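Colleague: Could you take a close look at one part of this model for me, the salt bridges? I'd like to hear who pairs with whom and what surrounds them.

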Amino acid sequence: MKHDIKTDTTVAGKSMNAAQPYKPQKNLYEPYSTPRILYELTRFIIRIILFLTSRVHLRGRYNIPRHGPYIIAANHLSWIDIPTVPAYVPGKV
């Protein structure tokens, strides 16, 4: 029995009916970039919360370049490191 091309097509190994339009799948490997205004607002809120709840002492912040790429190697002593590093490091992490 031969396949009729008009009634049955295959896209990426899946059989689709010709009546259904082809909808491309979302690329899950493409990184998501947070909008800048939301990122800065979140940083501001986290800094206020950290100011009210703890004493944060920064050492060596002057070693981080203002422009260009860099690598931060945090040793993650606790879960608080995850929001603290982007809150106090200049630029978008």
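Modeller: Start with Glu40, which makes a salt bridge to Arg36, with 3.3 Å between the closest N and O atoms. This is a predicted model, by the way, so treat that distance as a computed one. The two residues sit 4 apart in helix α1, so about one helical turn separates Glu40 from Arg36. Both ends have some access to the outside: Glu40 counts as partly exposed at 31% relative accessibility, and Arg36 is also partly exposed, at 46%.

Glu40 has another partner, though. Its side chain also meets that of Arg43 in a salt bridge, at 3.7 Å from N to O. Here the spacing is 3 residues within α1, which again puts about one helical turn between Glu40 and Arg43. Arg43 is buried, because its relative accessible area is 10% and the cut-off for buried is under 20%. Since the bridges share partners, Arg36, Glu40 and Arg43 are joined into one network. A search of the whole structure turns up 2 salt bridges.

Now for what else is around. Helix α1 covers residues 36-53, and Phe51 is found in it. Phe51 is exposed, with 68% relative accessible area. Phe51 also belongs to a nonpolar surface patch, along with Ile37, Leu38, Leu41, Phe44, Ile45, Ile48, Ile49 and Leu52. Together these residues offer about 980 Å² of accessible area. For the protein as a whole, the exposed area is about 9,000 Å², and carbon and sulfur atoms supply 62% of that. Only 11% of the 93 residues count as buried.

How far can you trust this region? Confidence is highest in α1, at a mean pLDDT of 93, while strand β1 (residues 8-11) is lowest, at 52. Where pLDDT is low, the predicted coordinates shouldn't be read in detail. Over the protein, pLDDT averages 80, and 80% of the residues score at least 70.

As for the overall layout, there are 2 helices and 2 strands, and along the sequence they run β-β-α-α. If you're thinking about contacts, take those between residues at least 6 apart in sequence: 54% of them join residues at least 24 apart.

Key. Residues numbered from 1 in each chain as written. Heavy atoms only, no water. Patch = residues over 30% accessible without salt bridge, like charges linked within 9 Å, V, L, I, M, F, W, Y side chains within 5 Å. Areas by Shrake-Rupley, 256 points an atom, 1.4 Å probe, with all protein chains shown as cover. Salt bridge = Lys/Arg side-chain N within 4 Å of Asp/Glu carboxyl O. Buried < 20%, exposed > 50% of the residue type's maximum accessible area, 1.4 Å probe, protein only. Contact = heavy atoms within 4.5 Å. pLDDT = per-residue confidence, 0-100.
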